[in-house]
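Here are my notes on the model you sent round. Please keep the structure open while you go through the points.

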Amino acid sequence: MTSVTRSSPAGGTGTAAVPGRADRASRRGAGWLLGIVLVGQFMATLDVSIVNVAAPTIRTDLATSGSGLQLIISGYTIAYAMLLITGARLGGLSGPRRLFLLGLAVFTAASLACGLAGSEGALIAFRLVQGAGSALMVPQVLSMIQLHFTGAARARALGAYSAVLAGGVVVGQVAGGALVSADLFGMAWRPVFLVNVPIGATLLVVGALLLPREHVPREQGLDLAGLITLSVTVVMLVVPLVLGHEQHWPAWGWWSMAASAAVTGVFVAVERRARHPLIPGRLLRAPGLVPSALGMFGSMVTWAGFLFSVALHLQGGLGDSPIGAGLSFVPGAAGFALVSLTWRRLPARLHRPVIFAGFAAAAVGYLGVARAFVSGGDGQPYFGIFFAVAGIGLGLAYNPLFTVALENIAARDAADASGLMAMTLQLGQVVGVTAFGTLYLSLTPSAHAVGVTAAGLAATTVVAGACALPLLRRGAGHRATDA
């Protein structure tokens, strides 16, 4: 149930006279809020994988260079990752509703511009703007869930959020292949961008009418030095990770990643002196946040790396179409989504131990998929079965971790926590695709390559579980107040 009520002019709540009606209205308002922000999140997630499928057609139509095509695909991710923390802080200053609608407007307008772009340079520029719009919009999704939902209702909302993340990747793969294959009105690749326009425009109207306005405290300020140093750090890390493989890991990439560690030190020094730090020390001291974030980072590394390397094997090694490869991912995504929506039904005493059972199941699932391919052919039916096991396992680990990470966050830190978690998840995806995609491609693409990659995924899953072990200590679940 939403935790926000509207005040009447007299100072009471406008619907307090009829509690049943007020409760129903509150639930309806919460349902609209969750639906609106999750559709926005779905579009942002979808836009990563849907464009990958259209890449060959874009290259032919616009005669792009190899590096230009990389930036068309990856420019969105680079801008998105770089500006997530900035978007979260701006949401804290101006209100998540306002920033969600602003980010959605930027994203929708940029999607239209991408769909109408007539050159490589224009498409690269508009993809960067599209990523910036997502970075303004996405942190507000978690902020509004934190601000407007409490207790079990918040856990259910986070479960729906996780299900959207899982489904967006698969739907993007399938929808991208379908739209490109259909060649609607002779537009080839353009509908993969234009499909966002009517959805985004409708969401803007509905959101402006139905999203609640929040009181925005003025105690925070804009940590400009922190924003700059953190943005530089993320760019210096993400750009070589995203572009490194296609450019055969040039020296500048290694130097950039090494320098990002040094700039991280500068960021820490800046934050210690800042009056309004981007990541307040009290946020990092919230019980359960750091081990949960580390576990979620590891789970996202393995999930993204697994999806990417298996997609390479299905389409490159086995010759599947993009649509066929996308449909092959349904069992895993369905397992993840189903657990996201139902894990709260487990007894409360199991909510933390099940995290480690989930990581163990995911490791078994990864190794089982490898074994299925080694057996020959497309690995069916065992591929689908073990993929579902991996999805269920990751869902059992990821969702309780998400709940624990945010359950002790005070309301005043909701925006900063949202930015931190969103950036953690995004960086996990980038690292996973880079590390395990490179591992797979460095070997001769084959069932053996899948096996080696799966072994690395399983090992990383065990490490992620180890990072979350402090959550089993007594007192780790102490709940913070909103003070």
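1. Start with helix α9. Its buried residues are Gly253, Ser256, Met257, Ser260, Val263, Phe267 and Glu271. An α-helix has 3.6 residues a turn, so residues three or four places apart point the same way. Keep that in mind when you look along the list of buried positions. Part of the cover over these buried residues comes from α8 (224-243). Remember that this is a predicted model.

2. The length of α9 checks out. The helix runs over residues 251-273 and has 23 residues. At 1.5 Å a residue, it should span 33 Å. Its end C-alpha atoms are 34 Å apart, which agrees.

3. Now the overall fold. The protein has 17 helices and zero strands. Its radius of gyration is 22 Å, close to the 23 Å that the globule rule gives for 483 residues, so the protein is as compact as a globular protein of that length. Along the principal axes, the C-alpha trace spans about 70 × 50 × 50 Å. Of the 483 residues, 54% are buried.

4. Long-range contacts deserve a mention. Take the contacts between residues at least 6 apart in sequence: 83% of them join residues at least 24 apart.

5. Surface and charge come next. About 19800 Å² of the protein is exposed, and carbon and sulfur atoms supply 67% of that area. There are 29 positive and 16 negative charges. The mean positions of the two sets are 13 Å apart.

6. Is glutamine 130 buried or exposed? Glutamine 130 is buried, because its relative accessible area is 0%, and the cut-off for buried is under 20%. The residue sits in helix α4 (residues 120-148). Leaving out residues up to four places away in sequence, glutamine 130 touches Asp47, Tyr76, Phe107, Ala110, Ser111, Cys114, Phe193 and Asn196.

7. Threonine 108 belongs to helix α3 (residues 96-116). Threonine 108 is buried too, with a relative accessible area of 7%. Beyond residues up to four places away in sequence, it touches Asn196, Val197, Gly200 and Ala201. Asn196 therefore appears in the contact lists of both threonine 108 and glutamine 130, with contact meaning heavy atoms within 4.5 Å.

8. Which residues does leucine 210 contact, leaving aside its neighbours within four places in sequence? They are Trp32 and Ile36. Leucine 210 is found in helix α7 (residues 196-210). It counts as partly exposed, at 37% relative accessibility. Leucine 83 is 127 residues from leucine 210 along the chain, and their C-alpha atoms are separated by 27 Å.

9. Two loop residues need a look at their backbone angles. Most residues other than glycine have a negative phi. Alanine 63 has a positive phi of about 50° although it is not a glycine. Its place is the loop between α1 (19-62) and α2 (66-94). Alanine 63 is exposed, with a relative accessible area of 63%.

10. The second is phenylalanine 185. Its phi is positive, about 55°, and this residue is not a glycine either. Phenylalanine 185 lies in the loop between α5 (151-182) and α6 (191-194). At 80% relative accessibility, phenylalanine 185 counts as exposed.

How values were computed:
Residues are numbered from 1 along each chain as its sequence is written. This is a predicted model: local features need pLDDT of at least 70, side-chain atom pairs count only at pLDDT 80 or more; totals for chains, interfaces and linings use all residues. Side-chain values use heavy atoms; hydrogens and water are left out. Helices (H or I, at least four residues) and strands (E, at least two) are DSSP runs, numbered from the N terminus. Buried means under 20% relative accessible area, exposed over 50%, partly exposed in between (1.4 Å probe, protein chains only). The expected span of a helix is 1.5 Å times one less than its number of residues. The radius of gyration is taken over C-alpha atoms; the globule rule is 2.2 Å times the number of residues to the power 0.38. Accessible areas come from the Shrake-Rupley method with a 1.4 Å probe; for residues, only the protein chains shown count as cover. Lys and Arg count as positive and Asp and Glu as negative; His and the chain ends are not counted. The place of a charge is taken as NZ of Lys, CZ of Arg, CG of Asp or CD of Glu.
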